Amino acid sequence: MPTAFRRTAVEQIGLAPGERVLEIGCGTGRNLPFLREAVGPSGRVYGVDFSAGMLARARSVVARGGWDNVHLTQSDAADYRSPEPLDAVMFGLSYNTMPHHRAVLARALELLEPGGRIVIMDAKLPPGIGGKLVLPFSIWLMKKTVLGNPYIRPWEHLEPLVDEFRMDEFLFGSYYVCRGIKRA
Ligand SMILES: C[S@@+](CC[C@H](N)C(=O)[O-])C[C@H]1O[C@@H](n2cnc3c(N)ncnc32)[C@H](O)[C@@H]1O
């Protein structure tokens with residue numbers, strides 16, 4: 001991963017102290033420290049993941065931090081309902097691991113307040129010949145690890161649904177963060 005990629009992705013959300021943010025597919029909680037730092041003690045961080053094993057590790061991160069404003073839920077993200085409207089939602093390396101990603105994206109937008117921010121951070125195939133060369137390796141790696149789908153182009157799913165769409169690429173286009181604002 002690019003240096004400080006997680007911190008960079010969280011910075012792209014533009015969180016302010018006191019805001020409420022959800023990470024979809026929070027896994028073992030690697031992004032939670034950055035999200036918690038951004039919203040501070042008066043904000044709230046929600047995380048959803050359907051893996052009990054991943055969540056157990058994320059809960060240790062939360063306990064170690066002593067954070068009482070980070071709430072984790074075991075659920076399919078497509079069925080998740082947040083206890084309150086959200087200012088921001090982030091997919092952290094998770095969008096392309098979800099076969100029903102469009103349904104999860106629709107749910108994420110439902111959970112957001114109008115004007116709320118949505119961010120997808122993930123790996124992707126680099127453009128041009130580089131992408132063709134690494135495709136077999138990407139497929140092999142994804143099958144062995146996160147079961148992601150290297151063929152989908154999540155930024156093309158997000159762009160038509162939001163205002164102020166923006167995408168930044170990193171490490172020769174092999175990682176990206178894309179973001180937009182929920183329409184009023
Ligand atoms: C590659 S991990 C990323 C974890 C973490 N966000 C990170 O950045 O390290 C993808 C996570 O998405 C979760 N996930 C996949 N499909 C899901 C679904 N339908 N609902 C909730 N979580 C899901 C997996 O359990 C896994 O923890």
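This is a guided tour of a predicted model, going from one helix to the nonpolar cores, then to the ligand and finally to a single glycine.

**Helix H2**

Begin by selecting residues 32-39, which form helix H2, and show the side chains of Leu32, Leu35, Arg36 and Val39, the buried residues of this helix. If you turn the view until you look down the axis of H2, these buried residues fall within an arc of 95 degrees, so they line one face of the helix. To see what covers them, add helix H1 (5-13), strand E1 (20-24), strand E2 (44-49), helix H3 (52-65) and strand E3 (70-74), which are included in that cover. Before leaving the helix, select Gly40, which follows H2 and has a positive phi, near 70 degrees.

**The nonpolar cores**

Next, select Leu22, Ile24, Phe91 and Ile118, which, of the 26 residues in the largest nonpolar core, touch the most other members. At least two residues of this core come from each of E1, E2, strand E4 (86-92), helix H4 (101-111), strand E5 (112-123), helix H6 (154-158) and strand E7 (175-182), and H4 gives the most, with five residues. Now centre the view on Leu22 and display its surroundings: leaving out residues up to four places away in sequence, Leu22 touches Tyr46, Gly47, Val48, Tyr80, Leu86, Ala88, Val89, Met90 and Leu111. Apart from the largest core lies another, of 24 residues, for which you can select Val10, Cys26, Leu35 and Leu72, which are among its members; Leu35 is also one of the buried residues of H2 that you displayed at the start.

**The ligand**

Then select the ligand and the residues around it, which number 21, with Arg6, Glu23, Gly25, Asp49 and Gly92 as the closest. Three polar contacts can be inspected one after another. At Asn31, an N or O atom of the side chain is 3.0 Å from an oxygen atom of the ligand, while at Asp76 a side-chain N or O atom is 3.3 Å from a ligand nitrogen atom. At Ala77, by contrast, look to the backbone, where an N or O atom lies 2.8 Å from a nitrogen atom of the ligand. Taken alone, the ligand exposes 600 Å², and the protein buries 91% of that area.

**Gly115**

Finally, select Gly115, which has its place in strand E5. Is this residue buried, partly exposed or exposed? With a relative accessible area of 39%, Gly115 is partly exposed, and, leaving aside neighbours within four places in sequence, Gly115 is in contact with Ile181 and Lys182. As a last step, draw a distance from the C-alpha of Gly115 to that of Pro83, which is 32 residues apart in sequence and 18 Å apart in space.

Definitions and conventions
Residues are numbered from 1 along each chain as its sequence is written. This is a predicted model: local features need pLDDT of at least 70, side-chain atom pairs count only at pLDDT 80 or more; totals for chains, interfaces and linings use all residues. Side-chain values use heavy atoms; hydrogens and water are left out. Buried means under 20% relative accessible area, exposed over 50%, partly exposed in between (1.4 Å probe, protein chains only). Helices (H or I, at least four residues) and strands (E, at least two) are DSSP runs, numbered from the N terminus. The arc is that of the directions from the helix axis to the C-beta atoms. Contact means heavy atoms within 4.5 Å. A nonpolar core is a set of buried Ala, Val, Leu, Ile, Met, Phe, Trp, Tyr and Cys residues joined through side-chain atoms within 4.5 Å. A residue is near a molecule or strand if one of its heavy atoms lies within 4 Å of it. A polar contact is a pair of N or O atoms within 3.5 Å; within protein, one must be able to donate a hydrogen and the other to accept it, and residues adjacent in sequence count only if both atoms are side-chain atoms. Accessible areas come from the Shrake-Rupley method with a 1.4 Å probe; for residues, only the protein chains shown count as cover.
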